[in-house]
Amino acid sequence: MRPTPPEVLQLARRQDGIVSRRQLRALGHSYAWIAGHARAWLRVLPGVYCVDLHAVADRRRLSWRARLWAGLCFAGDGAVAGGLAAAYLHGLVDQPPVTIELAIPHGTRRRVRQEGYVFAPRAAMSPVLDSCQRGLTTPSRIRSRLRDRSRHRWRGLLEALLADVEDGSTTQLELAYVRAVERPHGLPTARRQVRQLATGAISDNDYGDFDTIVELDGRRGHVEDGAFRDMDRDNLHTVRGKATLRFGWGQVAEQPCRVAQQVGALLRQRGWNGTPTTCRWCRVRTDRCA
């Protein structure tokens, strides 16, 4: 086994064991040299390697930060952590997300589609959600503008986002529930943002046929007095025969499979004949469904 040069090890230590082919070329190493040494490294993503020999034996032992660095190295210059990944790094959520979202500069030309990662144009999703939520625009207006720009690079991403907004998902957390919990695990499709007759409150996800409500709690509005209002509302729903499950950022982002199992179990108790399906993360990380 060829020893890894000190300058490569020094770079890797700054990046949780991760280096990219692009960085190695910048250090003066040839493609042939990289190919020869890469046999002793763990290929994490195309052109991205982990040179930490303790992690080479088992890809699943890579730390979350190493996975983040791998995504950043793969995406290239200008990429930054986005969404829940950024929230975790800044201490806004307690658990690192399963799927790492990375924001890439507008105009990035190559396709960046890898399992376990979401690569989105920087600041493309949040303004759409915020603008619709605040009533500054509507999905139909944005879609009309998209039709005027036939060659818009992120058409597919925005079309999918607009469809979910029209379905009632108006925040990043609500989108995460739909895309990481409900759809991948074959759960019934809930009605979004439903006003409950018993309380007058708006429920995030209402599985009306099974008298089940799933609420999603961000930090804002769900602490102190807000938390007591939530409990009072949940109690009233239970008295009226509707069961409520409540999940936060950390659960939806870090344990989507476990959330799906819990929701599915309650739905089955209340008449659903289906069974939660297995998503790709259930297969890779079985502890998430425990």
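Below are short exercises on a predicted model, each with a worked solution.

**Exercise 1. Work out the strand order of the four-stranded open sheet, and find which strands stand at its edges.**

Solution.
- Begin with the order, which is β7-β8-β9-β10. The pairing is mixed.
- Next, look at the ends. β7 and β10 (243–248) each have a single partner strand, so one side of each is left without a neighbour in the sheet.
- Then take the twist. From one strand to the next, it averages 40 degrees.
- Last, add a helix. α10 packs on this sheet and touches β7, β8, β9 and β10. The direction of α10 makes about 125 degrees with that of β9.

**Exercise 2. Trace the pairings of strand β8 on both sides, and say which residues stand opposite D206.**

Solution.
- Place the strand. β8 covers residues 202–207, and five of its six residues are buried.
- Take the β7 side. Strand β7 (residues 191–195) runs antiparallel to β8, with four bridges joining them. Here D206 stands opposite R191.
- Inspect that connection. Six residues lie between β7 and β8 in a hairpin. In the turn, G200 has a positive phi of about 80 degrees.
- Turn to the β9 side. Three bridges pair β8 with strand β9 (residues 212–217), again in the antiparallel sense. On this side the bridge partner of D206 is I213.
- Inspect the second connection. β8 and β9 also form a hairpin, with four residues between them. D211 in that turn has a positive phi of about 45 degrees.
- Combine the two sides. D206 faces R191 in one pairing and I213 in the other.

**Exercise 3. Describe how helices α10 and α13 meet, and classify the residues of the contact.**

Solution.
- Get the geometry. The axes of α10 (residues 172–182) and α13 (residues 256–269) come within 9 Å. They cross at roughly 80 degrees.
- Classify the angle. Values of 65 to 115 degrees count as roughly perpendicular. α10 and α13 are therefore roughly perpendicular to each other.
- List the contact. α10 supplies Y177, A180 and V181, while α13 supplies P256, V259, A260 and V263.
- Sort by type. Seven residues are nonpolar, none is polar and none is charged.
- Relate α13 to the strands. α13 lies across β8, β9 and β10, at about 175 degrees to β10.

**Exercise 4. Is strand β5 enclosed or open, and which residues lie on each face?**

Solution.
- Recall the rule. In a regular strand, side chains alternate between the two faces of the sheet.
- Split the strand. I100, L102 and I104 are on one side of β5, with E101 and A103 on the other.
- Check burial. Both faces are covered. Five of the five residues of β5 (residues 100–104) are buried, so the strand is largely enclosed by the rest of the structure.
- Find the partner. Strand β4 (residues 80–81) pairs with β5 over two bridges, in the antiparallel sense. A81 has L102 as its bridge partner.

**Exercise 5. Lay out the three-stranded open sheet, then find what helix α3 packs against.**

Solution.
- Write the order: β1-β3-β2, with antiparallel pairing.
- Find the edges. β1 (18–20) and β2 (42–45) each have a single partner strand, so one side of each is left without a neighbour in the sheet.
- Add the twist, which averages 35 degrees from one strand to the next.
- Zoom in on one pair. β2 and β3 (residues 48–50) are joined by three bridges. R43 has Y49 in β3 as its bridge partner.
- Move to α3 (residues 31–38). Its buried residues are W33, I34, G36, H37 and A38. They pack against α1 (6–14), α2 (21–26) and β3.

Notes. Residues numbered from 1 in each chain as written. Predicted model: local features only at pLDDT ≥ 70, side-chain atom pairs only at ≥ 80, totals over all residues. Heavy atoms only, no water. Buried < 20%, exposed > 50% of the residue type's maximum accessible area, 1.4 Å probe, protein only. Pairing = 2+ DSSP bridges. Axes fitted to C-alpha atoms, helices over the stretch in contact; angles between N-to-C directions. Contact = heavy atoms within 4.5 Å. Parallel < 35°, antiparallel > 145°, perpendicular 65-115°, else oblique. Nonpolar A, V, L, I, M, F, W, Y, C, P; charged D, E, K, R; others polar.
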